[in-house]
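Here are some short exercises to try with a structure open beside you. Take each task on your own before reading its solution.

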Amino acid sequence: MAGEDLGPLFQGLLGSGDARAGLLGSLLDELGGSTAGTGNPLDGLLAALGEGGLGHQAHSWVAAGPNEPVDGAQLVGALPPDILDEVGRRAGLTAAEAADQLAQVLPEAVDRLTPGGQLPQDTSLEDLIKSHTP
């Protein structure tokens, strides 16, 4: 599913007026190619963040308890530059601007999409988002 298609779903999850939903959809679309196993792009996101040194923060978003914050500069350092460049390009932003905006929504979005402190298995991201949208 293309990031443009995930954007409206993330708007339902994050709030209908949240323009960052499209960025999140684009990010997961770009990372979807690097997933292994479930085909759920959250796998790719969490793997990329772990490899980029943000595993502790990302784990806090999945686990029960408070979500540790992350900032745009940390995302720029953790995610592959070509991914952030493409996400920013799609939104008419620089990679750094896209990272700043993503940093504001990633903890909450990942937290909402990992009920019970677990990465859901055997479900598509689209179905997962729909199941957590009011």
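**Exercise 1. The overall fold**

How many helices and how many strands are there in the chain?

*Solution.* Keep in mind that you are looking at a predicted model. Step one is to count the elements: the chain has seven helices and zero strands. Step two is to read along the sequence, which gives the pattern α-α-α-α-α-α-α. Step three turns to the chain as a whole: 43% of its 134 residues count as buried. Its accessible surface is about 6,200 Å², and carbon and sulfur atoms hold 51% of that. Finally, consider the contacts with a separation of 6 or more: residues 24 or more positions apart account for 61% of them.

**Exercise 2. The nonpolar core**

Find the residues in the largest nonpolar core that touch the most other members.

*Solution.* Start with a general idea: in soluble globular proteins, nonpolar side chains tend to be buried together. In this chain, the largest nonpolar core has 32 residues, and the ones touching the most other members are Leu27, Leu45, Leu49, Leu75, Leu102, Leu106 and Val110. Next, ask where the core comes from: α2 (20-31), α3 (41-62), α4 (72-78), α5 (81-91) and α6 (95-112) each give two or more residues to this core. Now zoom in on leucine 45. Leaving aside residues up to four places away in sequence, leucine 45 touches Leu27, Leu28, Leu31, Leu106 and Val110.

**Exercise 3. Two helix pairs**

Work out how α5 is placed against α6, and then how α3 is placed against α6.

*Solution.* Two packed helices are described by the angle between their axes and the distance between the axes.

1. α5 and α6 pack at about 90 degrees, and their axes are 8 Å apart. An angle from 65 to 115 degrees counts as roughly perpendicular, so α5 is roughly perpendicular to α6.
2. On the α5 side, the contact is made by Leu84, Asp85, Val87 and Gly88, while α6 brings Ala95, Ala98, Ala99 and Leu102. Sorted by class, these are six nonpolar, one polar and one charged residues.
3. α3 and α6 also pack at about 90 degrees, with 11 Å between their axes. These two helices are therefore roughly perpendicular to each other.
4. Here Leu42, Leu45, Leu46, Trp61 and Val62 of α3 meet Leu106, Pro107, Val110 and Asp111 of α6. The contact of α3 with α6 divides into eight nonpolar, no polar and one charged residues.

**Exercise 4. Three small residues**

Is glycine 55 exposed or only partly exposed? Decide this, then do the matching task for glycine 77 and alanine 64.

*Solution.* The cut-offs you need are these: under 20% relative accessible area is buried, over 50% is exposed, and in between is partly exposed.

- Glycine 55 lies in helix α3. Its relative accessibility is 30%, so glycine 55 counts as partly exposed. Its C-alpha atom is 9.6 Å from that of alanine 78, 23 residues apart along the chain.
- Glycine 77 belongs to helix α4. With a relative accessible area of 59%, glycine 77 is exposed. From C-alpha to C-alpha, glycine 77 and leucine 54 are 9.3 Å apart, with their positions 23 residues apart in sequence.
- Alanine 64 sits in the loop between α3 and α4. Its relative accessible area is 77%, so alanine 64 is exposed. Alanine 64 and glycine 117 are 53 residues apart along the chain, yet their C-alpha atoms are separated by 5.4 Å.

Key. Residues numbered from 1 in each chain as written. Predicted model: local features only at pLDDT ≥ 70, side-chain atom pairs only at ≥ 80, totals over all residues. Heavy atoms only, no water. Helix = DSSP H or I, 4+ residues; strand = E, 2+ residues; numbered from the N terminus. Buried < 20%, exposed > 50% of the residue type's maximum accessible area, 1.4 Å probe, protein only. Contact = heavy atoms within 4.5 Å. Areas by Shrake-Rupley, 256 points an atom, 1.4 Å probe, with all protein chains shown as cover. Core = buried A, V, L, I, M, F, W, Y, C linked by side-chain atoms within 4.5 Å. Axes fitted to C-alpha atoms, helices over the stretch in contact; angles between N-to-C directions. Parallel < 35°, antiparallel > 145°, perpendicular 65-115°, else oblique. Nonpolar A, V, L, I, M, F, W, Y, C, P; charged D, E, K, R; others polar.
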